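Open your viewer, switch to a cartoon view and get ready to click. We will go from stop to stop, and at each one I will tell you what to select and what is there.

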Amino acid sequence: MNRILEMYGLTGKISVSLLSSGHINKTYLCECESGRYILQSMNRDIFRNPEIVMRNISAVETAFEKYSDEMVSVPHYLSCADRNYIEHSGEIWRIYEYTEDNSGYSPYRHGFAVGRFLKIVNSCEISLETVLNLHNFVDMGLPMRNIHGDTKADNIIFGERLTVIDLDTVMSGYICADYGDMIRSVTAAEFSLSAVYEATKGFAEGLDGFLTAEEIDSLYSGIVLIISELAERYSGGQKNFPNKTAEQCLARERELKSQLEAIESCGNEIREIINKCFEK
């Protein structure tokens, strides 16, 4: 660990502790004299081409550097020999500056963070390569955009400034997928139309007029497609989720189907919320 940190120019008294959060990469909190950092070893079983993942992340950072925003940011990855990762002992390591999560969650801030992220990564000429086949949406006849790919609340740091993290899934796709996954996350614990409204309002304000009318019309479909897709994956059990038991997979599938029923029972109301927030 110390050798890896030295390669990034971090020396002196260092404390390293394993973080329990995160299911894919090994993640550590490093407290150094120069500050606090998140160090990760990438899971090569999941990311067969880690250099492409890191190239995507570099492109996203470039977009945020060009389109500076006071309210939303992404992590700053340290460089070593002009790359934002190193290979050491057969593993890929990357490190970024730690951000304190100290300001509190709200559906509005969640939506705003996702919307502004999408606006920024699509306002600069960056091209993202698809590494993971996360969403099997049929051709919807919509523009392919740069998207995050996993917009749950865990992937946003709700500090004084909102920081969108876990950029391994950024890729080309439909914006309705990011909206759908965000609403899935917002309503996961308890379905609430007011939470849907607040998140959608933040999402629309973050995008600031970026979407076409056709993309706005697709947003509700994004919710249904994302939840249905995830429920289907859980129906495959341990084949898709080897770190979970068959019972856990079945319970999660039932939760998602129940959530989908709640969403579809209020489909007209959710469409009205979307239209109101985007002022159609």
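Start with the open sheet of five strands, whose order is β1-β2-β3-β6-β5 with antiparallel pairing. At its edges are β1 (15-18) and β5, each with a single partner strand, so one side of each has no neighbour in the sheet. From one strand to the next, the twist averages 30 degrees. Strands here are DSSP runs of E with at least two residues, helices are runs of H or I with at least four, and both are numbered from the N terminus. Two strands pair if DSSP finds at least two bridges between them.

Before moving on, a word about what you are looking at: this is a predicted model, where local features need pLDDT of at least 70 and side-chain atom pairs count only at pLDDT 80 or more, while totals for chains, interfaces and linings use all residues. Residues are numbered from 1 along each chain as its sequence is written, and side-chain values use heavy atoms, with hydrogens and water left out.

**Stop 1: strand β6**

Select residues 91-97, which form β6. Five of its seven residues are buried, so this strand is largely enclosed by the rest of the structure. Buried means under 20% relative accessible area, exposed means over 50%, and partly exposed is in between (1.4 Å probe, protein chains only).

Now add β3 (residues 35-41), which runs antiparallel to β6 and is joined to it by five bridges. Look for Q40, which stands opposite R94. Then add β5 (residues 86-88), which pairs with β6 in the antiparallel sense over three bridges. Here I86 has W93 as its bridge partner, and H88 has E91. The hairpin of β5 and β6 has two residues between the strands, and S89 takes a positive phi near 55 degrees.

**Stop 2: helix α5**

Select residues 193-207 to see α5. Its 15 residues reach 21 Å from first C-alpha to last, close to the 21 Å expected at 1.5 Å a residue; the expected span is 1.5 Å times one less than the number of residues. Which helices do its buried residues pack against? They pack against α3 (107-121), α4 (175-186), α6 (213-235) and α8 (267-277).

Click on T200 in this helix. T200 is buried, with a relative accessible area of 0%. Leaving aside neighbours within four places in sequence, T200 is in contact (heavy atoms within 4.5 Å) with Y179, I183, I273, I274, C277 and F278. For a sense of scale, draw a C-alpha to C-alpha distance from T200 to L39: they are 33 Å apart in space and 161 residues apart in sequence.

Just after α5 comes D208, in the loop between α5 and α6. Its phi is near 55 degrees, a positive value in a residue other than glycine. At 51% relative accessibility, D208 counts as exposed.

**Stop 3: α4 and α6**

Show these two helices together. They pack at an angle of about 60 degrees, with their axes 7 Å apart. Axes are lines fitted to C-alpha atoms, for helices over the stretch in contact, and angles run from 0 to 180 degrees between N-to-C directions. α4 and α6 are therefore oblique to each other; under 35 degrees counts as roughly parallel, over 145 as roughly antiparallel, 65 to 115 as roughly perpendicular and the rest as oblique. Among the residues that meet here are Y179 and I183 in α4, and L219 and I223 in α6.
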